[in-house]
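Me: Hi! I've just opened this one and would like to talk it through with you. Can we start with the overall picture and then go into the details?

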Amino acid sequence: MPLFITEFQTLGGDVRGGLSPIAMTPSLVDQVVAIGAGSVQSALLNVSTSFVRLTTDVNCSVKFGTNPIASATTMRMAAGSVEYFGVPPGGTLRIAAIANT
């Protein structure tokens, strides 16, 4: 089962020029990380990515970092959940995922 990672650069705008709490499409990069019994890392995030959307069909744990290792005690995502996270731009982070109950 995969963890879907969608990378975005900016928020969407409204007709008055303000920012809306929605992602501006198209996405910069789309990645898929296999979720299994061991921690698996994504590729480096794009240098322009400032936030990511994570989607999972199974219970898992994730960890952000330069060389992250996900474990049963790192941030848990429930099956069917969708979460957005801000990340510092620069292309130095990866996301690791592992199966969890």
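Me: Great, so how does the radius of gyration of the chain fit with a compact globule?
Reply: It agrees: a compact globule of 101 residues would have a radius of gyration near 13 Å, and the chain has 14 Å. Keep in mind that this is a predicted model. The C-alpha trace spans about 45 × 25 × 20 Å along its principal axes.

Me: And how many helices and strands does the chain have?
Reply: There are zero helices and 10 strands. Along the sequence the pattern reads β-β-β-β-β-β-β-β-β-β.

Me: OK, sheets then. What is the strand order in the one with strand 1?
Reply: That open sheet has four strands in the order 4-1-6-9, with antiparallel pairing. Strand 4 (29–34) and strand 9 (82–86) are its edge strands, each pairing on one side only. From one strand to the next, the twist averages 20°.

Me: How many bridges join strand 1 to strand 4?
Reply: Six, with strand 1 covering residues 2–8 and the two strands running antiparallel. As one example of the register, Leu 3 sits opposite Val 33 of strand 4.

Me: Now the sheet with strand 10. What order do its strands take?
Reply: The order is 5-10-7-8, again four strands in an open sheet with antiparallel pairing. At the edges you find strand 5 (40–41) and strand 8 (75–77); each has a single partner strand, so one side of each has no neighbour in the sheet.

Me: Strand 7 is between two others there. How many bridges does strand 7 make with strand 8?
Reply: Three, in the antiparallel sense, with strand 7 made of residues 60–65. Cys 60 has Met 77 of strand 8 as its bridge partner, and Ser 61 is matched with Arg 76.

Me: What about strand 7 with strand 10, how many bridges there?
Reply: Six bridges, also antiparallel. Lys 63 stands opposite Ala 96 of strand 10 in that pairing.

Me: Switching topic: which residues have the most contacts inside the largest nonpolar core?
Reply: They are Leu 3, Ile 5, Leu 45, Val 52, Leu 54, Val 62 and Ile 95, in a core of 15 residues. Strand 1, strand 6, strand 7 and strand 10 (94–99) each give at least two residues to this core.

Me: Ile 95 caught my eye. What does Ile 95 touch, leaving aside neighbours within four places in sequence?
Reply: Quite a list! Its contacts include the core residues Leu 3, Ile 5, Leu 45, Val 52, Leu 54 and Val 62. Ile 95 is also in contact with Val 40, Gln 41, Ser 42, Lys 63, Phe 64 and Pro 68.

Me: Ser 42 shows up there. Where is Ser 42 found?
Reply: In the loop between strand 5 and strand 6 (51–56).

Me: And is Ser 42 buried or exposed?
Reply: Buried, because its relative accessible area is 4%, and buried means under 20%. Not counting residues up to four places away in sequence, Ser 42 touches Ile 5, Gln 31, Val 33, Arg 94 and Ile 95.

Me: Last bit, back to the whole chain. What share of the residues is buried?
Reply: Buried residues make up 38% of the 101. The accessible surface comes to about 5500 Å², and 59% of that belongs to carbon and sulfur atoms.

Me: And what share of the contacts with a separation of 6 or more is between residues 24 or more positions apart?
Reply: Those account for 67% of such contacts in the chain.

Notes: Residues numbered from 1 in each chain as written. Predicted model: local features only at pLDDT ≥ 70, side-chain atom pairs only at ≥ 80, totals over all residues. Heavy atoms only, no water. Pairing = 2+ DSSP bridges. Axes fitted to C-alpha atoms, helices over the stretch in contact; angles between N-to-C directions. Buried < 20%, exposed > 50% of the residue type's maximum accessible area, 1.4 Å probe, protein only. Contact = heavy atoms within 4.5 Å. Core = buried A, V, L, I, M, F, W, Y, C linked by side-chain atoms within 4.5 Å. Rg over C-alpha atoms; globule rule 2.2 N^0.38 Å. Areas by Shrake-Rupley, 256 points an atom, 1.4 Å probe, with all protein chains shown as cover.
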